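Let's take a friendly walk through this model, stopping at a few places along the chain. Have the viewer ready and follow along.

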Amino acid sequence: MAKSLVIVESPSKAKTINKYLGKNYKVIASVGHIKNLPKSKISVDFENGYELTYETIPGKEKVIEELKELAAGSDKIFIATDPDREGEAIAFDIAEEVKGKNKNILRVLFNEITKKGVEEGINNPLHIDEKLVSSQQARRALDRIVGYKVSPFLWKVIYYGLSAGRVQSVALRLICDREEEIRRFIPTEYWSVLANFRDRDKNKIFESKLISKNDTSFKFNGEDPRIQNEKEADDILKDLGEKLFKVSDIIRKEVKRNPYPPFTTSSLQQDASVRLRFAPKKTMMLAQKLYEGIDIGEEGLTGLITYMRTDSTRLSDDAVSEARGFIKEKYGKEYLPSETRVFSKKKENTQDAHEAIRPTSVWRTPESLKKDLTPDLYRLYELIWRRFLACQMQNSVSDQITLLIDSFSESTNGKRLNTYQFRTTDSTIKFKGFLVIYDDVFEEEDEDTEDKFAIPEEIEVGDLLDLEEMFKKQHFTNPPPRYTESSLIKQLDNLGIGRPSTYALIVSTIINRTYCDLRERKLYATELGETVNRLLASHFSDVINVKFTAQMEEELDKIAEGELSYEKVLSDFYLPFNLDLEFLNKSTKEIKESLIEKTDIDCDKCGKKMIIKWGRNGRFLSCSNYPKCKNAKPLPGEQEEHQELAEGKFCSLCEAPMVVKSSKYGKFLGCSRYPECKNIQPITLGIKCPKCKEGEILARKALKSKKVFYGCTRYPDCDFISNSKPRETKCDMCGSSYMLEKYSKKKGEYLECPECKHKVELESKDAVDLHS
């Protein structure tokens, strides 16, 4: 009897599935896409219904021939590519190639690569969903039109090689808009007043915060009403010194916290970024491996998590039942809610095509798999496992007590004048619930946490208090925070921009294009990024904006649901877009000239004035008499800013002074006698390499991710590498010759020894031992 052919994308996925299907099936991998749109042309036929022209990917000819050959001799063909729109498009391309050999083609979906998941998929085959394929092709067409039509505009106006994208340019706009908000932000000064009170009966001292005056509550975010300046604070302190105080109210309440829902793609990338410090791209790469299968000893190759590209928080009944059984056995029935937790859709455009991301079996605990997983795979699996288990656990319960303290005077003649109220809040966890397994250690602090202090036990309403000490604190309002990779993905998800499969690519693209820098895990718009954004926002405002991009996502969903046609969506977009583009292309010369800035600097070669232009390495000074005079220099100030790096440096070939120069790879030292002498040297941190003791440490940039790391100048002879910046500070604990600069939300900036992990916190110029 002829075997059935099962086609997947990944060889590792093929191995895992083959283990479950047995000898009546032949499982083979296409190794990803077999066809793609060629990079050399737009490949959208505007005269024939926007038909896309695909080409066979070079090197895939043998794969296609093998697929055809196996299809001809098979009973059935099951195409089991990933269960999303991109997977459906790959399945369509494969079917188009093999249907001439065998028309008995079925589509199967594996939500998880386990025995149960594979058997369910094979026993419930479908046909290729051409509406999903049309939706994916419409996405490709839209992205091609915007990228291949708008990018050349940027080439003409700024320089060749820049790119624009339907979604990436909107993400860039979010970052640039935030940068502008920060620039325009004016800090507002405000003050707070705190006091130490002693309970006369209990003789206990505790701290409290002033929250109101004459029943008017202060706002501690800089808004009115507030204590605006130091004089107001001093006046209040003076007035308080003449008051008496008593406990006016004690409010006790029980606070319950619900567990988080299980992971979607977006929330997984966010949490892995915050908790594990993984880039979104890395998170998805690791999740793909966990989904496709890991060799775990006796079980062999096994998929450890469900499909990792999803926008749903839905869970299967079997998975929930298994989780509840695990919780009851391992933690006790008190940790199990009386009813199953069901999480509703978080927004209207949720596709809900797959389950949330969860472990394929909760009984495969992270600890039991530790020996089979790499450290990074283990950490990500543990995060997914804990989040899933926690989502089915009982609420955490805290007892919260709020103490209100009123001022009064010995004699007020019945009048209530200048009455002040202080507040102290304290809380203790009575029952940890889900926090026993998913502690919220990275939760942002509330604005009101400044009034959380320990409250003496047995304190009662009416107790008289003695004012022991008063003090004031100065504050300034903060600008909106810059986006991190995590918060940008969250914002894109909230706005309905992009899909789960695209978030990681969007973020990595704008970083790789140097439109923004990733520094201390925050995204800073570069000068190039802001220039590109200004041009796109000015001339393509109807396309490169949040509302339009979110609307296009909705229309792509409607194609998938059969409510709109491929051609209508493309026509509604392209026809007005093309008219605007044709008009704009006639004025590229004027737009390019608008970016040129005139200066009063004379050219030292021909005497004409210098102008500021854009080039591949950023803005620079160029002679206005170009091309007759080709004199070019770095911008004033930029050369001086970095020139101190060349002080005391001389050419090792001709002994002439070295100067700082720029290239597309960054700053470097070049001989001042160039072009007669072409010697160059890297710019280092001036720290001896701690490994070889001969080279020096310098900052490098990864070619693909553009992330900064630190290595030795003697590479490859010395392979020292560090993701954190080394500092020539000796460790007091183990004597290491250097420490690493680190940053965290809670500690701020600190140094960590790479050998013994000893930490010292940085406070101004001093270092305070964190362990003292």
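Keep in mind that this is a predicted model. Our starting point is a pair of helices: α6, covering residues 168-184, packs against α14, covering residues 503-512, at an angle of about 70°. Their axes lie 9 Å apart. Angles from 65 to 115 degrees count as roughly perpendicular, so α6 and α14 are roughly perpendicular to each other. The crossing of these two helices is right-handed. On the α6 side, the contact is made by Q168, A171, L172 and I175, and these meet I506, T509 and I510 of α14. The spacing of such positions has a simple background: an α-helix has 3.6 residues a turn, so residues three or four places apart point the same way.

Next, turn to helix α17, residues 566-585. Its 20 residues should span 28 Å at 1.5 Å a residue, and because the end C-alpha atoms are 27 Å apart, the expected and modelled spans agree. Which residues of α17 are buried? They are Y566, V569, L570, S571, F573, Y574, F577, N578, L581 and L584. The cover over these buried residues includes the strand β5 (51-52) and the helices α5 (130-157), α15 (527-539), α16 (546-561) and α18 (588-594).

Our last stop is an open sheet of three strands, ordered β27-β28-β29, with antiparallel pairing. Its edge strands, β27 (697-701) and β29 (721-722), each pair on one side only. Five bridges join β27 to β28 (residues 708-712), and these two strands run antiparallel. To find one of the bridges in your viewer, look for K701, whose partner in β28 is V708.

Note on methods:
Residues numbered from 1 in each chain as written. Predicted model: local features only at pLDDT ≥ 70, side-chain atom pairs only at ≥ 80, totals over all residues. Heavy atoms only, no water. Pairing = 2+ DSSP bridges. Helix = DSSP H or I, 4+ residues; strand = E, 2+ residues; numbered from the N terminus. Expected span 1.5 Å × (residues − 1). Buried < 20%, exposed > 50% of the residue type's maximum accessible area, 1.4 Å probe, protein only. Contact = heavy atoms within 4.5 Å. Axes fitted to C-alpha atoms, helices over the stretch in contact; angles between N-to-C directions. Parallel < 35°, antiparallel > 145°, perpendicular 65-115°, else oblique. Left-handed = near helix turned anticlockwise from the far one by under 90°.
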